[in-house]
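Good morning, and thank you for joining this meeting. Please look at the sequence and the structure on the screen while I describe the protein.

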Amino acid sequence: MTTIVPHCELTRKAIKWISEKQVETGKTHIVLLEEAAMRFNLSPNDMEFLTRFYKENSDKSPECD
């Protein structure tokens, strides 16, 4: 039985996956965005959101807790 996953959840999973792969592989988010699009079956709107998300946040360093 297949389960339908909401698009917002797919987007969250894609962001998490991209972040993990950047650390593991050192690939840029641009390359990983294309891989995530195929892996998570992202729509063009999802891709536009992710592109904008990474563009707006690329100059910020991650905060440590």
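Helices here are DSSP runs of at least four residues, and they are numbered from the N terminus. With that in mind, the order of elements from the N terminus on is α-α-α. The model before you is a predicted one. In total, the secondary structure comprises three helices and zero strands.

Allow me to begin with the overall figures. The protein has 65 residues, and buried residues make up 26% of them. Its accessible surface comes to about 5,300 Å², and 56% of that surface belongs to carbon and sulfur atoms. If we take the contacts between residues at least 6 apart in sequence, 42% of them join residues at least 24 apart.

I turn next to the interior. Which residues of the largest nonpolar core touch the most other members? They are Ile18, Leu42 and Leu50, in a core of 14 residues. H1, H2 and H3 each supply at least two residues of this core. The most comes from H1, which gives five residues.

Leu50 deserves a closer look. Setting aside residues up to four places away in sequence, Leu50 touches Thr11, Ala14, Ile15, Leu33 and Leu42. Of these, Thr11 is found in helix H1. Is Thr11 buried or exposed? Thr11 counts as buried because its relative accessibility is 9%, and the cut-off for buried is under 20%. Beyond its neighbours within four places in sequence, Thr11 is in contact with Asp46, Phe49 and Leu50.

Let us now consider helix H2, residues 29-39. Its buried residues are His29, Leu32, Leu33, Ala36 and Ala37. Viewed down the axis of H2, these buried residues fall within an arc of 145°, and they therefore line one face of the helix. The face turned away from that buried side carries the exposed residues Glu34 and Met38. Just after H2, Asn41 takes a positive phi of about 50°.

His29, in helix H2, merits separate mention. Once its neighbours within four places in sequence are left aside, His29 is in contact with Ile18, Gln22 and Tyr54. His29 and Ile18 are eleven residues apart in sequence, and their C-alpha atoms are 6.7 Å apart in space.

The aromatic residues come next. How many aromatic pairs does the structure hold? It holds three aromatic pairs. In one of them, the rings of Trp17 and Phe40 have their centres 6.2 Å apart and their planes at 70°, so the pair is edge-to-face. This pair links distant parts of the chain, 23 residues apart: Trp17 lies in helix H1 (residues 7-25), and Phe40 lies in the loop between H2 and helix H3 (44-57). Both Trp17 and Phe40 are buried. Elsewhere, ring pairs link Phe49, Phe53 and Tyr54 into a cluster. Two members of that cluster have already appeared in this talk: Phe49 as a contact of Thr11, and Tyr54 as a contact of His29.

Finally, I come to the charged residues. Side chains of opposite charge can pair when their charged atoms come close. The structure holds four salt bridges, and I shall describe some of them.

The side chains of Arg12 and Glu9 meet in a salt bridge with an N to O distance of 2.7 Å. Arg12 and Glu9 are separated by about one helical turn, because they are three residues apart in helix H1. Glu9 is partly exposed, with a relative accessible area of 27%.

Lys21 forms a salt bridge with Glu24, and here the closest N and O atoms are 3.3 Å apart. This pair also sits in helix H1, and since Lys21 and Glu24 are three residues apart, about one helical turn separates them. Lys21 is partly exposed at a relative accessible area of 25%, whereas Glu24 counts as exposed at 57% relative accessibility. An α-helix has 3.6 residues a turn, so residues three or four places apart point the same way.

Another salt bridge joins Lys27 and Glu35, whose closest N and O atoms are 3.0 Å apart. Lys27 has a relative accessible area of 36% and is partly exposed. Glu35 likewise counts as partly exposed, at 29% relative accessibility.

To close, I would return to the core, to which H1, H2 and H3 each supply at least two residues. Thank you for your attention.

Terms used:
Residues numbered from 1 in each chain as written. Predicted model: local features only at pLDDT ≥ 70, side-chain atom pairs only at ≥ 80, totals over all residues. Heavy atoms only, no water. Buried < 20%, exposed > 50% of the residue type's maximum accessible area, 1.4 Å probe, protein only. Contact = heavy atoms within 4.5 Å. Areas by Shrake-Rupley, 256 points an atom, 1.4 Å probe, with all protein chains shown as cover. Arc of directions from axis to C-beta. Phe/Tyr/Trp six-rings, centres within 6.5 Å; stacked < 30°, edge-to-face > 60°. Core = buried A, V, L, I, M, F, W, Y, C linked by side-chain atoms within 4.5 Å.
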